[in-house]
Amino acid sequence: MEGRGLHRAGERWPERVPHAPEIQFGVAVGRLWIRTHEAAEVVDLTARLEAFVEAAALEAGSVNVQSRHTTAGIVVNENEPGLLRDALALLERLAPRGSGYAHDELHLRPGLPPDERPNGHAHAKALLLRTAETVNVADGRLLLGTWQRVLLVELDGPREREVSLLALGEKRR
């Protein structure tokens with residue numbers, strides 16, 4: 001492996017590689033606000049993430065996409081209507097609405113706002129999903145597979161949702 005730019009464990013990297021171009025590292029932070037319209041639905045965020053990568057001038061690195069809610073998830077999958085119906089139906093079978101969740105006993109939870117609604121089912125479904133996904137970026141583009149999309153999964157809508165974005169990496173020159 002010597003001669004290929006790799007170092008052995010414990011070996012220090014040189015301070016500067018001769019004739020190597022300078023890399024400008026950057027960080028960009030962003031937010032998306034999404035208004036959902038159904039109790040359970042899937043919203044494709046991919047085009048908005050592509051716009052964020054472009055605005056951040058990110059050439060190579062990664063973008064972290066994080067839901068700021070406990071009843072919504074972020075997934076990477078195909079945005080095909082039949083698959084999305086199947087996924088929401090699967091979550092409903094695993095954590096059906098009205099199945100006697102302790103979280104829904106609102107009278108036992110002091111200090112709740114008056115508009116609090118029983119949503120134990122949505123929290124249980126969210127436990128099965130991820131809060132965040134990280135997508136690699138190369139040549140200024142998200143490195144997603146042919147059918148992959150970044151999706152917000154709403155489990156307790158309709159609501160206003162916030163998604164946090166963090167891009168890290170080499171900036172475009």
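Here is a friendly chat about a predicted model and the reasons behind the words used for it.

Me: Let's start with the sheet. What makes S1 and S6 edge strands?

Reply: The open sheet has 5 strands in the order S1-S8-S3-S5-S6, with antiparallel pairing. S1 and strand S6 (141–142) each have a single partner strand, so one side of each is left without a neighbour in the sheet. That is why they stand at the edges.

Me: How do you know that S3 and S8 pair?

Reply: Two strands count as paired if there are at least two bridges between them. Strand S3 (residues 58–67) and S8 have 9 bridges, in the antiparallel sense, so they meet that cut-off. You can find two of the facing positions yourself: Ser62 stands opposite Leu168 in S8, and Asn64 stands opposite Leu166 in S8.

Me: And what makes S3 and S5 a pair?

Reply: The cut-off is again at least two bridges. S3 and strand S5 (residues 132–138) have 6 bridges, also in the antiparallel sense. One place to look is Val65, whose bridge partner in S5 is Glu133.

Me: Now the side chains. Why is the contact between Arg35 and Glu160 called a salt bridge?

Reply: Side chains of opposite charge can pair when their charged atoms come close. The name needs a side-chain nitrogen of Lys or Arg within 4 Å of a carboxyl oxygen of Asp or Glu. For Arg35 and Glu160, the closest N and O atoms are 3.6 Å apart, so the pair qualifies. This salt bridge links distant parts of the chain, with Arg35 in strand S1 and Glu160 in strand S8, 125 residues apart.

Me: Why are Arg35 and Glu160 called partly exposed?

Reply: Partly exposed covers the range between under 20%, which is buried, and over 50%, which is exposed. Arg35 has 46% relative accessibility and Glu160 has 41%, so both fall in that middle range.

Me: What makes Arg149 and Asp44 a salt bridge?

Reply: Their N to O distance is 2.8 Å, and the limit is within 4 Å. This pair also links distant parts of the chain: Arg149 is in strand S7 (residues 148–154) and Asp44 is in strand S2 (residues 41–44), 105 residues apart. Arg149 is partly exposed, at 29% relative accessible area.

Me: Arg159 and Asp156 form a salt bridge too. Is Asp156 buried or exposed, and how do you know?

Reply: Asp156 is buried, because its relative accessible area is 3% and buried means under 20%. Its partner Arg159 has 27%, so Arg159 is partly exposed. The N to O distance of this salt bridge is 2.7 Å. Elsewhere, salt bridges that share partners join Arg31, Arg68 and Glu162 into one network. The structure holds 11 salt bridges.

Me: What makes the nonpolar surface patch, and where does it sit?

Reply: Phe25, Val27, Val29, Leu166 and Leu168 make this patch of about 480 Å². Strand S1 (25–35) and strand S8 (160–171) each supply at least two of its residues, and S1 gives the largest share, 3 residues.

Me: How do you know that Leu168 can belong to a patch?

Reply: A patch residue needs over 30% relative accessible area. Leu168, in strand S8, has 33%, so it passes that cut-off.

Me: Two residues have a positive phi. Why is Ala57 called buried, whereas Asp139 is called exposed?

Reply: Ala57 has 18% relative accessibility, so it counts as buried, the cut-off being under 20%. Asp139 has 65%, so it is exposed, the cut-off being over 50%. Ala57 has a phi of about 55° although it is not a glycine, and it sits in the loop between helix H1 (46–56) and S3. Asp139 also has a phi of about 55° without being a glycine, and it lies in the loop between S5 and S6.

Me: Which residues does the cis peptide bond join?

Reply: The cis bond joins Gly157 and Pro158, with omega about -5°. Pro158 is in the loop between S7 and S8.

Me: Last one: which elements help to line the largest pocket?

Reply: Strand S4 (72–78), helix H2 (81–94) and S7 each supply at least two residues of the lining. Among the lining residues are Val75, Leu84 and Leu151. The volume of this pocket is about 170 Å³.

Notes
Residues are numbered from 1 along each chain as its sequence is written. This is a predicted model: local features need pLDDT of at least 70, side-chain atom pairs count only at pLDDT 80 or more; totals for chains, interfaces and linings use all residues. Side-chain values use heavy atoms; hydrogens and water are left out. Patches are made of residues with over 30% relative accessible area and no salt bridge: like charges are joined within 9 Å, nonpolar side chains (Val, Leu, Ile, Met, Phe, Trp, Tyr) within 5 Å. Accessible areas come from the Shrake-Rupley method with a 1.4 Å probe; for residues, only the protein chains shown count as cover. Helices (H or I, at least four residues) and strands (E, at least two) are DSSP runs, numbered from the N terminus. Buried means under 20% relative accessible area, exposed over 50%, partly exposed in between (1.4 Å probe, protein chains only). On a 1 Å grid over the protein atoms alone, a cavity is a set of points where a 1.4 Å probe fits but cannot get out, and a pocket is an open set with protein on both sides within 12 Å along at least five of seven lines; lining residues have an atom within 4 Å of a point. Grid points are joined across faces, edges and corners, and a volume is the space filled by probe spheres set on the points.
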